[in-house]
Amino acid sequence: MPRSEKGIMMNPLEFQMEMSKKMFSEWEKNMGEYFDKTLRDQGFLKLVSQSLSQSMDFQAEIQKQMGTVLKAFSIPTEESLQGLYKSVNNLERRMLDLEEKIENLEETLAQKSEKARGKSE
Amino acid sequence: MNQQELSSELWKQPKRFHNAWKLMMGEIQPELAKTPFEEIATWGKARLLKYSPKDKAKDSPILMIPSIINKYYVLDLRPGQSYVEYLVNQGQTVYLLDWGTPGPQDRYLTLEDHVLRFIGAAVRTACKDSGKAKVHLMGYCVGGTFAILYAALRPQKVASLIALTAPVNFHDEGLLSCWASSGHLDIQKLADQMGSIPADFLQSSFTMLMPMASPQKYRTLAEKLWDEDFLDKFLSLETWLNDNISFPGATYVEYIKQLYENNELIKGTFSIGKEVVNLASITMPVITVTASQDHIVPPASAALLHETVASKDKQLLALKGGHIGITVGSRAKEGLYAHTAQWLEKHPCPDQRKVS
């Protein structure tokens, strides 16, 4: 009969299950170490970055060509949309900044009126 | 395996098949974000949620800032496994800033927009709504860094700061730091072309941090498939993990270049708009929470806040568990939730001056 690490007798089925668990854990550990090593490798990172950068260039070129076609048909392009996005963002910014200024003013006024009331009393 | 173990294993087998079938048919749907709330303000895609206790609220309202990468409901995952629900049951009013799902129009939103405008507006609204001059600020992960930045720039509005696994030192032994500081990837080009950084791109980066976590996860699932409670917890967390949102391009560039590549926050050269962020200007009470097995924000990266702030009343809470485990894991209630509730009890917020 096969025995466990502690010397206890195990039935063959249990032994097989125990062995496969051990093998799986070992495989997981090795693969984990391998991935960590690869993902920290500067050569690998450079390669991934280059391919990502090239796919971005390709996408940019397609967008450029598409923009030319859309312009010919007087349809708003990506560029026109970007302009709109920027304007909306700026408007939102100004609104939030104004809101903050108003609230700060309200607070200062409240403090001043409280001080004035304190003096008059 | 003795006879008892064998019979228990045999009993579990049909349950495993039954649950696997239900899972495949989509019959099991987790209950997510069930704590009742009220939406009290919106700014662009962001909205401020208010969770009120049933009885009279205590004097320590807290504003939670979740990470910008995932959905807010990790802080209110499921009944019985929710940071928000726990604090509300303790009588605290909880405000939560939901960043929403950024679309293409949000690509130009900057760090200044997120930190000073959105968090700023959320703090002011929470103060006004609760009648307090200051509120407690809790930030999780990237949201934690944002909360730290806000607390450093507007300390007068923050009663206390709870930085939950928030990266502060970006040059650490973690993989994210290794990728960002390698300098191979042109982040600006990526943001220019993609606009907002897609959720899939971010998700695959996080999967690559621990590639072997997936087989381990599914092995555990296969083993515990018979247990319906486990299955519900598993599905809730998986649904949240796969429910990622895109990262506004302009913010992503600032975050990666200034913080990850140049580590400017620690060097004291980081600025938002025209204001330089000085961590030493954080003088309010602070809890810095770290997770011992955090593979996203290594404990040392988050713990540095504790040494940098000028607060006299500060604590370093080193919890056992992973980045997400400390917030929704089985020990979260006794660890993070209970500690926060005690902290809030001890630090009541001052009342606002009444405007006449």
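Let me start with Ile119(B), which in this predicted model touches Ile65(B), Leu97(B), Trp99(B), His114(B), Phe146(B), Ala147(B) and Tyr150(B), leaving aside residues up to four places away in sequence. Ile119(B) belongs to helix α3 of chain B, residues 111-130. Its relative accessible area is 0%, so Ile119(B) is buried. One of the residues it touches, Tyr150(B), is 31 residues away in sequence, yet the two C-alpha atoms are 7.4 Å apart in space.

Phe146(B), another residue touched by Ile119(B), brings me to the packing of helices. Two packed helices are described by the angle between their axes and the distance between the axes. For α4(B) and α10(B), the angle is about 80 degrees and the axes are 14 Å apart. These two helices are therefore roughly perpendicular, the range for that term being 65 to 115 degrees. Which residues of α4(B) and α10(B) meet? From α4(B) they are Val142(B), Thr145(B) and Phe146(B), and from α10(B) they are Thr251(B), Tyr255(B) and Leu259(B). By class, the residues of this contact are four nonpolar and two polar, with no charged residue.

Next, the loops beside these two helices. Cys141(B) sits in the loop between β5, residues 135-140, and α4 of chain B. Its phi is near 55 degrees, a positive value in a residue other than glycine. Is Cys141(B) buried or exposed? Its relative accessibility is 9%, and the limit for a buried residue is 20%, so Cys141(B) counts as buried. Asn263(B) occupies the loop between α10, residues 249-261, and α11, residues 264-267, of chain B. Asn263(B) is not a glycine either, and its phi is positive, at about 50 degrees. With a relative accessibility of 7%, Asn263(B) also counts as buried.

Helix α4 of chain B appears again in the surroundings of α12(B). In α12, residues 299-308 of chain B, the buried residues are Ser301(B), Ala302(B), Ala303(B), Leu305(B) and His306(B). What do the buried residues of α12(B) pack against? Their partners in chain B are helix α4, residues 142-153, and the strands β6 (158-164), β9 (286-291) and β10 (314-319).

I turn now to a contact between the chains. Helix α1 of chain A, residues 12-40, packs with helix α5 of chain B, residues 175-182, at an angle of about 20 degrees and with the axes 10 Å apart. An angle under 35 degrees counts as roughly parallel, and α1(A) and α5(B) are therefore described in that way. On the α1(A) side the contact is made by Asp36(A), Leu39(A) and Arg40(A); on the α5(B) side, by Leu175(B), Cys178(B) and Trp179(B). Four of these residues are nonpolar and two are charged, with no polar residue in the contact.

Finally, chain B as a whole. It contains 14 helices and 10 strands. Its radius of gyration is 21 Å, close to the 21 Å that the globule rule gives for 356 residues, so chain B is as compact as a globular protein of that length. Along the principal axes, its C-alpha atoms fill a box of roughly 75 × 55 × 40 Å. Of the 356 residues of chain B, 55% count as buried. Among contacts in chain B between residues at least 6 apart in sequence, 78% join residues at least 24 apart. The area exposed by chain B is about 14900 Å², of which carbon and sulfur atoms supply 53%.

Terms used. Residues numbered from 1 in each chain as written. Chains lettered and ligands numbered in written order. Predicted model: local features only at pLDDT ≥ 70, side-chain atom pairs only at ≥ 80, totals over all residues. Heavy atoms only, no water. Axes fitted to C-alpha atoms, helices over the stretch in contact; angles between N-to-C directions. Helix = DSSP H or I, 4+ residues; strand = E, 2+ residues; numbered from the N terminus. Parallel < 35°, antiparallel > 145°, perpendicular 65-115°, else oblique. Contact = heavy atoms within 4.5 Å. Nonpolar A, V, L, I, M, F, W, Y, C, P; charged D, E, K, R; others polar. Rg over C-alpha atoms; globule rule 2.2 N^0.38 Å. Buried < 20%, exposed > 50% of the residue type's maximum accessible area, 1.4 Å probe, protein only. Areas by Shrake-Rupley, 256 points an atom, 1.4 Å probe, with all protein chains shown as cover.
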